[in-house]
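Reader: I have a sequence and a model open on my screen, and I would like to walk through them with someone. Could you take my questions one by one?

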Amino acid sequence: MQYVSTRGHAAAQTFSHILLGGLAPDGGLYLPAEYPQVSDAELTHWRTLSYADLAFEVLKKFATDIPEADLKALAHKTYTADVYRNVRAGENAAQITPLRVLEEKNGKKIVLQALSNGPTLAFKDMAMQLLGNLFEYTLAKDNAELNIFGATSGDTGSAAEYAMRGKKGVRVFMLSPYKKMSAFQTAQMFSLQDPNIFNIAVKGVFDDCQDMVKAVSNDHAFKAAKKIGTVNSINWARVVAQVVYYFRGYLSATTSNDQKVSFTVPSGNFGNICAGHIARMMGLPIDKLVAATNENDVLDEFFRTGVYRVRPSSETYHTSSPSMDISKASNFERFIYDLTGRDSKRLSALFHLVETKGGFDLSGKPGSDGDEFHKIAEYGFCSGKSTHDDRLATIRDVQKNYGITVDTHTADGIKVAREYLTPDVTMIVLETALPAKFNETIREALGRDAERPAGFENIEALPQKFEVMDADVAQVKAYIAAHTE
Ligand SMILES: *Cc1c(COP(=O)(O)O)cnc(C)c1O
């Protein structure tokens, strides 16, 4: 399996080669030269597999340059009941992403798929845990080292740190805005005492952290000398790991391959739902892929109108589903590549418009940049948005009627899913976090604290290890240099 860049000016690469990198050298994103297909017989066989074996079957179609026995061992090391142990009453940890019927009315059914039972209580663990093991495996082969450098406003940084802690050959340097994360998120990250984890609290906001990461990334000499890498949401291996749970959700919610399901996905950077798109392109019988956004509705606007309009930071709102507060969706280019019939020239022209005009319009209306919007339905995509008040109302309603506390992002998903129910097509809503992570809003909605999984009761009281720093690139470079000797 070879990987090509959406922009069409980079050499084809293998899975292992793109594993440790980010963007392709031409500024594009990598995708497989063609999507592997899943036959009816395979799908039937996959119904009998454990999550780890299913992950192996999916991964081996994409990571063709890793020996199968090694891949199988990596899948089994990653997807264990012990790693995904933060289940709720009634859930079975061995299922890794257990399903639970939320509501059934007039033949219309909503099922929740729990993706948030891993170490940091958010769905990013599903992919990041695999990435940690893949990195360690690949680096050990070449006796190499990697220093992961990134910025986080909460979920990504902690998922990366919990995936890389104690891994040989890997260090993590993670910037976060000093005193701007929730107490729970801060404690989760800063209580890690592993010698290969470095938390840097920057006196500034998230954008300052992001700018520092960009500045270091643009210093190619420093980057090469210090073996700096990233684990952001465009990482291809993360996307592939996420493809697995779409198969798992489908296989668990159906009894035969002629049934279809739909998925609603709380969306920000389009990484999660992009994996759903890929599963569908592989032949998984998905009816609709519903993108749910919060007040930051870049994606909802596109799927309703065909207009993609990146937001300036003055129009990017800080909401109570903060992991979806994005102004542009970094994985979106992967879908647009397919939508344009994999025409890299056309794709490059459209993303040039994003740079120069802040977006593009594919509505087909006079003066627009194209008419590809009329093809959206072929890909099953639709969308909706949710506001803070919707979120509170959904959390209350789900608690009252079904006795389940859902987190704010999942609440956005449920709100939007209800707009797209059809009889006889089960709607699977991806549960992307546990409510304990976003307790402030749970208190607001329910007047009490969210339940915490065992082991998290006193997390805020644990000793914390972190460095406070000004938003100063030279200082952070010196820090990295001093700790990578
Ligand atoms: C990251 C995140 C999302 C958004 O996922 P994308 O892949 O960026 O679309 C949604 N919910 C939670 C809890 C997250 O951490």
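**A walk through the model**

Author: Happy to. Let us start with Ser191, which counts as buried because its relative accessibility is 14%. Please keep in mind that this is a predicted model.

Reader: Thanks! Where does Ser191 lie, and which residues is Ser191 in contact with, leaving aside its neighbours within four places in sequence?

Author: Ser191 belongs to the loop between α7 and β7. Once the neighbours within four places in sequence are set aside, its contacts are Tyr162, Thr186, Leu462, Pro463 and Gln464.

Reader: How many residues apart in sequence are Ser191 and Leu462, and how far apart in space?

Author: Leu462 is one of the contacts of Ser191. Along the chain the two are 271 residues apart, while their C-alpha atoms are separated by 6.0 Å.

Reader: Let me step back to helix α7. Is α7 mostly covered or mostly open, and what does it pack against?

Author: Helix α7 covers residues 183-190, and seven of its eight residues are buried, so the helix is mostly covered. The buried ones are Phe184, Gln185, Thr186, Ala187, Gln188, Met189 and Phe190. They pack against α6 (155-164), β6 (170-177) and β7 (197-203).

Reader: Now for a record. Which residue does UniProt give as N6-(pyridoxal phosphate)lysine, and is that residue buried or exposed?

Author: The UniProt entry, which is unreviewed, places this modified residue at Lys124. In the model Lys124 is found in helix α5, residues 124-142. Its relative accessibility is 13%, and the cut-off for buried is under 20%, so Lys124 counts as buried.

Reader: What is Lys124 in contact with, apart from its neighbours within four places in sequence?

Author: With those neighbours left out, four names remain in the list of contacts for Lys124. They are Asp155, Thr156, Ala159 and Arg238.

Reader: Which domains does UniProt list, and how much helix and strand does each span hold?

Author: Both come from an unreviewed entry: "Threonine synthase N-terminal" at residues 2-79, and "Tryptophan synthase beta chain-like PALP" at residues 94-327. The end C-alpha atoms lie 26 Å apart for residues 2-79 and 37 Å apart for residues 94-327. As for content, residues 2-79 are 45% helix and 8% strand, and residues 94-327 are 40% helix and 23% strand.

Reader: I also look out for backbone oddities. What is the phi of Ile96, and is Ile96 buried or exposed?

Author: Ile96 sits in the loop between α4 (68-78) and β3 (99-105). Its phi is positive although the residue is not a glycine, with a value near 65°. At 1% relative accessibility, Ile96 is buried.

Reader: And Asn106: what is its phi, and is Asn106 buried or exposed?

Author: Asn106 lies in the loop between β3 and β4 (108-114). Here too the residue is not a glycine and phi is positive, at about 50°. Its relative accessible area is 72%, and over 50% means exposed, so Asn106 is exposed.

Reader: How far is Asn106 from Ala10?

Author: The pair is 96 residues apart along the chain. In space, the separation between their C-alpha atoms is 52 Å.

Reader: Where is Asp207, and how far is Asp207 from Ser153?

Author: Asp207 is in helix α8, residues 206-218, and is partly exposed with a relative accessible area of 40%. Asp207 and Ser153 are 54 residues apart in sequence, and their C-alpha atoms are separated by 9.3 Å.

Reader: Last, the whole chain. How many helices and strands are there, and why is the chain called as compact as a globular protein of that length?

Author: The protein chain has 18 helices and 15 strands. Its radius of gyration is 21 Å, close to the 23 Å that the globule rule gives for 485 residues, so the chain is as compact as a globular protein of that length. The C-alpha trace spans about 65 × 55 × 50 Å along its principal axes.

Reader: What percentage of the residues is buried, and what share of the accessible surface belongs to carbon and sulfur atoms?

Author: Of the 485 residues, 59% are buried. The accessible surface comes to about 18700 Å², and the share of carbon and sulfur atoms is 50%.

Conventions:
Residues numbered from 1 in each chain as written. Predicted model: local features only at pLDDT ≥ 70, side-chain atom pairs only at ≥ 80, totals over all residues. Heavy atoms only, no water. Helix = DSSP H or I, 4+ residues; strand = E, 2+ residues; numbered from the N terminus. Rg over C-alpha atoms; globule rule 2.2 N^0.38 Å. Buried < 20%, exposed > 50% of the residue type's maximum accessible area, 1.4 Å probe, protein only. Areas by Shrake-Rupley, 256 points an atom, 1.4 Å probe, with all protein chains shown as cover. UniProt positions renumbered as here; feature names shortened; annotations may be inferred. Contact = heavy atoms within 4.5 Å.
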